[in-house]
Amino acid sequence: MRDIAFDLPGRFAIARWAPIPLRLIVGFGFMEHGFAKLSKGPVALAAILHALAVPAPHFMAWVTILTELLGGLAILLGAFVFLVSLPTAALLLVAIFSVHLPYGFSSIKLVAITATGAQFGPPGYECDLLYLACLAALVLGGPGPLAIDGLLRKNKRTLKDKRHHDWSAS
């Protein structure tokens with residue numbers, strides 16, 4: 001019974017598709033955050049970064065927006081997941097330590113329920129940790145099927161095999 005429990009993912013062919021929802025959620029999430037910052041304007045984000053004492057706030061505002069937009073798209077497509085995970089994880093860590101840490105773990109802080117609906121307090125670092133865990137899973141486990149990284153790896157192997165075949169044929 002213990003062997004079955006520990007090898008459960010390996011017993012189901014569908015398990016190889018597990019990274020796809022992670023890629024879709026994390027990629028879309030990063031892109032959504034980037035679009036939100038872009039729609040409010042990089043100057044608004046720069047003002048927040050300046051208040052947090054981030055150096056070169058205007059430059060860092062653009063770096064943040066572009067990292068979220070392009071990094072999110074890359075993760076969504078499963079492209080360069082290892083490389084893109086580094087700057088996206090850095091953004092999450094900065095967000096945790098500069099914004100969310102004082103508000104504790106929970107991302108949902110129900111303050112009151114009024115006639116207009118639920119009122120929430122500032123979010124903690126829970127969602128940032130979930131994003132970091134998903135990035136770690138994608139880096140360690142791979143981006144899964146239908147990923148550009150897999151196509152690139154397959155093309156690289158094909159070219160390598162072709163060169164080896166051409167060399168040995170001559």
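**Exercise 1.** Which residues in α3 meet which residues in α7?

*Solution.* Keep in mind that we're working with a predicted model.
- Start on the α3 side: the contact residues there are Pro19, Leu22, Arg23, Ile25, Val26, Gly29, Phe30 and His33.
- Now go across to α7, where the partners are Tyr131, Cys134, Leu135, Ala137 and Leu138.
- Sort the α3–α7 contact by class and you get 10 nonpolar, two polar and one charged residues.

**Exercise 2.** Work out why α3 and α7 are called oblique to each other.

*Solution.*
- Two packed helices are described by the angle between their axes and the distance between the axes.
- Take the distance: the axes of α3 (residues 19-40) and α7 (residues 126-141) come within 10 Å.
- Next, the angle: those axes cross at roughly 130°.
- Check the cut-offs: 65 to 115 degrees would be roughly perpendicular and over 145 roughly antiparallel. The crossing angle of roughly 130° fits neither class, so α3 and α7 are oblique to each other.
- Finish with the hand: α3 passes α7 in a left-handed crossing.

**Exercise 3.** Put the helix pair in the context of the whole protein.

*Solution.*
- Count the elements: the protein has eight helices and two strands.
- Walk along the sequence and the pattern reads α-α-α-α-α-α-β-β-α-α.
- Look at contact range: among contacts between residues at least 6 apart in sequence, 63% join residues at least 24 apart.
- Then burial: 30% of the 170 residues count as buried.
- Last, the surface: about 11,600 Å² is exposed, and carbon and sulfur atoms supply 73% of that area.

Definitions and conventions:
Residues numbered from 1 in each chain as written. Predicted model: local features only at pLDDT ≥ 70, side-chain atom pairs only at ≥ 80, totals over all residues. Heavy atoms only, no water. Axes fitted to C-alpha atoms, helices over the stretch in contact; angles between N-to-C directions. Helix = DSSP H or I, 4+ residues; strand = E, 2+ residues; numbered from the N terminus. Parallel < 35°, antiparallel > 145°, perpendicular 65-115°, else oblique. Left-handed = near helix turned anticlockwise from the far one by under 90°. Contact = heavy atoms within 4.5 Å. Nonpolar A, V, L, I, M, F, W, Y, C, P; charged D, E, K, R; others polar. Buried < 20%, exposed > 50% of the residue type's maximum accessible area, 1.4 Å probe, protein only. Areas by Shrake-Rupley, 256 points an atom, 1.4 Å probe, with all protein chains shown as cover.
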